[in-house]
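Biologist: I would like to learn how to read a model of this kind, feature by feature. Could we look at it together and take one topic at a time?

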2 protein chains.
Amino acid sequence: MNEPETMHKKINPARRHSYHRPKNISHSNKNIIGRTRHPLQAKRPPLRNEEKRGSSIPPIEKDIIRIIPFGGVEEVGKNMTAFEYGDDIIVVDAGIYFPGDETPGVDYVIPDTTYLEERKSKIRGLFITHAHLDHIGAIPYVQEKLGNPPIYARKLSAAFIQKRQSEFLHLPKLDMRIVEREEKIKVGSLTVSFFAVTHTIPEAMGLIIGTPHGNIIHSGDLKIDHKDGEPLSFEVEEFTKIGNENNLCLLTDSTNVDRPGFGFPEREVHENLRKIIKETKGRLIIGTFASLLERIIYIINTAEELGKKVVIDGRSMKVNIEIARELGLLKKGLKSIIPITEMENHPPENVIILATGAQGDAYAVLMRVANKQHKYIKINNHDTIILSSSIIPGNERGVQKLKDNLSRQGAKILHYAIADVHSSGHAYKDEAAWIIKMLNPKFFIPIHGYHYMLRVHKAIAESQGLSDKNIVIPDNGMIVEIDGQKQTISQLKKRAPAGIVMVDALGQGNVKDVVVRDRKALATDGMFVIVAVIDIKTGKVRKSPDIISRGFVYLKESQDLLNQTRLLVKKTTENAVGEMHPINFDYVKNSLRETIGKFLYQQTKKRPIILPVILEV
Amino acid sequence: MNEPETMHKKINPARRHSYHRPKNISHSNKNIIGRTRHPLQAKRPPLRNEEKRGSSIPPIEKDIIRIIPFGGVEEVGKNMTAFEYGDDIIVVDAGIYFPGDETPGVDYVIPDTTYLEERKSKIRGLFITHAHLDHIGAIPYVQEKLGNPPIYARKLSAAFIQKRQSEFLHLPKLDMRIVEREEKIKVGSLTVSFFAVTHTIPEAMGLIIGTPHGNIIHSGDLKIDHKDGEPLSFEVEEFTKIGNENNLCLLTDSTNVDRPGFGFPEREVHENLRKIIKETKGRLIIGTFASLLERIIYIINTAEELGKKVVIDGRSMKVNIEIARELGLLKKGLKSIIPITEMENHPPENVIILATGAQGDAYAVLMRVANKQHKYIKINNHDTIILSSSIIPGNERGVQKLKDNLSRQGAKILHYAIADVHSSGHAYKDEAAWIIKMLNPKFFIPIHGYHYMLRVHKAIAESQGLSDKNIVIPDNGMIVEIDGQKQTISQLKKRAPAGIVMVDALGQGNVKDVVVRDRKALATDGMFVIVAVIDIKTGKVRKSPDIISRGFVYLKESQDLLNQTRLLVKKTTENAVGEMHPINFDYVKNSLRETIGKFLYQQTKKRPIILPVILEV
């Protein structure tokens, strides 16, 4: 409860927003409710439901492999899955999710790790598939809670993790273990080896978790490189090799499996970008995600080859390119990069600007350019702008505004809906079918997607011959068990805690859902503070009650409403006070909340949060 | 300004959110700022900028045709365009726009009609192209302001307008004039005739406004019915006929012109739906927009033909079908409609449910079904659900939740991304080119779309031979003038007022943007009320100051922060009060706002709205 902390507190929360008069409160019970000056003494919150739930989960039995997704199976994002066998737990990924309007003022949602915290002595390592934030973003928030296990990651992922960690002060040093593509790591009674997958960032990996009962494959995010629907030979070789082993279970990416056919290959996006870079007459501005590092490297290398200069702008773009440079992933293109201040020294047709903000993000480079607030980049009608990304749901209006303002200044705009300048990093339906066919697992668990996508993925697995009883569609916190002896898959009735854990990027600690609920109420109907001073001798309200309101109605044009409300506040307060000594402040406030709430709703059809302040003098 | 109305007011608004201490306020100026008990006396708001702007627009000259879009050219929605010639003005459409997160708690945005209000004696009529809300939704809000001019509309549009009007009490009766397809109406010195266009609702019309200098064509929203990119003969005939006249200017729909080729024809959507209706084994639930009335009529008629029964559910769906029935647009299918209570009397494979809520709208039928809150419709794994609509930007997560919850209950889901069960009502690029070619206007004004879309539409017009100087891309409020003698098009420097006018569906009157700004601030960072009682004799704060906060941080876990804040409030208040007699409340409050604002930001990186209440006893 996020009760207002006023002088007189202890409000019945159930009655907070109801407008019918409490029946059983009369003057005679004033000593029962009483007055408490500081009711917020409960320093230690009561045990959460989830914790109780978590504690009652039976210990794992012999020959059982537990698979528990803590995130990523009821959303696209906050990916995290744990694998438990005997005394060992390994965790794969620790990502964040960017929430939308449903949680205003919240930056990220992270996985609920209660189950792991209760078993942290068993955790042998956190394995990272690739360096995107929906796979590594939660590390600074969860790593301590997990007891700081070693993190196993490829070099690039490790660099991204370290970079992010450095932005959080006072966190302990990470126990980082760089792994190579062909390495096989022994962790307790399990082994983990890696295989390269095609995604949109270098060094993206799938994991093969070796158990005495067979391999569990966690593919990470991936798509299949292909030509006209025929997977390229390197994909065929890799998947054939893995497919020949004893694959007990496959967990793989569902993000795009409801899209028919094969996705557009990144290679062809590259070819299209090359053609545009070569043929564009004026200056070229390319907006894309800083996380699409393969494409960014390709653009820089291509610019170098074609004798063009590249300006890098935007913090995340600069950081990511610097990491790629440090690790030697970007070599030949380096000479083409010039500082933005030298842009004017080159003819426009030789200049490419790589910029952030293709999503219409408020403070990113492209939006500043669109709003004519960028120090160096001014648009003219010889400029061409490529928005080389899809639009993340929720950003449509921001992107529309961006396109409007850029085109208003004369720029020509190319975007993915009208030209093939973007492709997704996730397998489409026919790619997903091919992956399942090649890896030929006994059991299948679709992950990385909303529930509906997992359902579609299940149907694809069935089309490849897997039977219904060998497939489990998980929820966050579901405990899936594979019995290695009986060769069966099932789920426990008990679930691991899987609440929504919200965090602010800059603030400390978690954001409680009651705070978010209040924000949403404030956002639509605003708030209404009533200040009434009661003369303790007469029981009357002194002067006219004060009203403070924001986000509700336009007060200057609502004088009648305010005057009526003041009269009603006075009357309601005095009626409620009656002959009470001492005054039961909770009762008075509840009366005000109900009466004024009802009145304002009748008058305006709005339900502002009503906060009465009662003082006695 | 939406100032808090406290006992002591008159706050310098410029300083409201700034945290640096005002330098020039000292004890000696207390009489200058003074205290005012009721500063909201300004009953009559000052003239808005726009009104001043509007008044200084020169009167229209001889042989000039003015074209002014008041909405629909910087957004998709709130369409309204005025045509002025001599002493006559005709207005086309009066639509609303559904705003997104940028304006929480606001239901609609309507066009700014100030220019028209100042010239209402010239208005000869409001002409309606078709019955969608982005064309008729603002009528209840603007009709009185325009002096209640006659409304010219086809029968169906008139029925929708009357239905909507009936939901607003106390509005005067509309002067409704039903027009026929072939009618030609004389309005002052202008004539208006109609032509049928293909859209998604019956009786959609384009308008031909006859002037002494040639025709102005306002196409309304439209697409072209075609087979494999060849317009059907009825389209060719209609457009050939109109194209043969003297077409001075064309205004037409830009909504989809950046999509390549021809759009998917509604006829083929119908064929696909027919196939699904025929072949689906279990019960079929079709969710679509109630506004796609042509498709709804088709579905009902097809059900009848195939011997199926149709259940209609959802208020807007029922209302629209009832209107279609009353007007005789739905005849043969009527027998197939059954009440929802009789659904169980028929085998599931014979039942089709037509429902609202394909956008994931919180209280519509499909969401209630998905949440297992629908009284009659319970999903089972023999059900098939078609989402026969596109997703309106901003609704993606709602639709995702809908699909998740419906598929979780076992339903098979078909949606427009995986099957051709929806098409848009707006012309794609090649359709737009064909329209311009056929109508062959001298001047071109793209309308109905965001600025970027209008730019794209301009390029299409240029590809059809129009020259740059014959095309004007308008903004809302831009006054375009065609000189009938000189045969030129230009725009006035002065613009008509074109502010954002926000209204609540249920509340009375407009929503001010300051209220919306406050709502947005409240939504992300919450609010923080400080109540300090000053002892007038000592100048000290009595007891510990009270704090009420919502939507900011979780107070129960922020005891230290609150205690520190209380101390700081006490200190700041007492320092500010100093030896003042009487106390300068504005100065004290400003000090609190700055000091506490700064402190809270340092501690939490949040900027709640800070509202000090200072009382003296």
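Biologist: Let me start with a single residue: is A:Thr114 buried or exposed?

Modeller: Please keep in mind throughout that this is a predicted model. A residue counts as buried when its relative accessible area is under 20%, and A:Thr114, with a relative accessible area of 4%, is therefore buried. In the fold, A:Thr114 belongs to helix H3 of chain A, which covers residues 114–117.

Biologist: How far apart in space are A:Thr114 and A:Ala498, given that they are 384 residues apart in sequence?

Modeller: Distance along the chain and distance in space are separate things to read, and here the C-alpha atoms of A:Thr114 and A:Ala498 are 8.0 Å apart in spite of those 384 residues. For chain A as a whole, if one takes the contacts between residues at least 6 apart in sequence, 73% of them join residues at least 24 apart.

Biologist: What does chain A contain in helices and strands, and what percentage of its residues count as buried?

Modeller: Chain A has 17 helices and 28 strands, and 61% of its 617 residues count as buried.

Biologist: Where in chain B does B:Gly477 lie, and which residues is it in contact with, leaving aside its neighbours within four places in sequence?

Modeller: B:Gly477 sits in the loop that runs between helix H14 (451–463) and strand S22 (480–483) of chain B. A loop position does not by itself tell you about accessibility, which has to be read separately; B:Gly477 has 0% relative accessibility and so counts as buried. Apart from those sequence neighbours, B:Gly477 is in contact with B:Ile68, B:Pro69 and B:Phe70, and also with B:Arg495, B:Ala496 and B:Ala498. By contrast, B:Thr572, which is 95 residues from B:Gly477 along the chain, has its C-alpha atom 49 Å from that of B:Gly477.

Biologist: How should I read a pair of packed helices, and at what angle do H9 and H10 of chain A pack?

Modeller: One reads the angle between the axes, then their separation, then the residues in contact. Helix H9 (residues 293–305) of chain A packs on helix H10 (residues 315–326) of chain A at an angle of about 80°, with 11 Å between the axes, and H9(A) and H10(A) are therefore roughly perpendicular to each other. H9(A) contributes A:Leu293, A:Ile296, A:Ile297 and A:Ile300 to the contact, while H10(A) contributes A:Met317, A:Asn320, A:Ile321 and A:Ala324. Sorted by class, the contact of H9(A) with H10(A) comprises seven nonpolar residues, one polar residue and no charged ones.

Biologist: And at roughly what angle do H9 and H10 of chain B cross?

Modeller: In chain B, the axes of H9 (residues 293–305) and H10 (residues 315–326) cross at roughly 80° and come within 11 Å, so H9(B) and H10(B) are roughly perpendicular to each other.

Biologist: How are the two chains related to each other?

Modeller: One asks what rotation and shift will lay one copy on the other. Chain B is superposed on chain A by a rotation of 180° with 0.0 Å of shift along its axis, at an RMSD of 0.1 Å, and the two copies are thus related as by a two-fold rotation axis. The same surface serves both copies, since 100% of the contact residues of chain B recur in chain A.

Biologist: Finally, how many disulfides are found over all chains?

Modeller: A disulfide is a covalent bond between the sulfur atoms of two cysteines. A search of the whole structure finds zero of them over all chains. As for one cysteine position, A:Cys249 counts as buried at 0% relative accessibility, and B:Cys249 is likewise buried, with a relative accessible area of 0%.

Conventions:
Residues are numbered from 1 along each chain as its sequence is written. Chains are lettered from A and ligands numbered from 1 in the order in which they are written. This is a predicted model: local features need pLDDT of at least 70, side-chain atom pairs count only at pLDDT 80 or more; totals for chains, interfaces and linings use all residues. Side-chain values use heavy atoms; hydrogens and water are left out. Copies are superposed by least squares on the C-alpha atoms of residues with pLDDT of at least 70 in both. Contact means heavy atoms within 4.5 Å. A disulfide is a pair of cysteine sulfur atoms within 2.5 Å. Buried means under 20% relative accessible area, exposed over 50%, partly exposed in between (1.4 Å probe, protein chains only). Axes are lines fitted to C-alpha atoms, for helices over the stretch in contact, and angles run from 0 to 180 degrees between N-to-C directions. Helices (H or I, at least four residues) and strands (E, at least two) are DSSP runs, numbered from the N terminus. Angles under 35 degrees count as roughly parallel, over 145 as roughly antiparallel, 65 to 115 as roughly perpendicular and the rest as oblique. Ala, Val, Leu, Ile, Met, Phe, Trp, Tyr, Cys and Pro count as nonpolar, Asp, Glu, Lys and Arg as charged, and the others, Gly among them, as polar.
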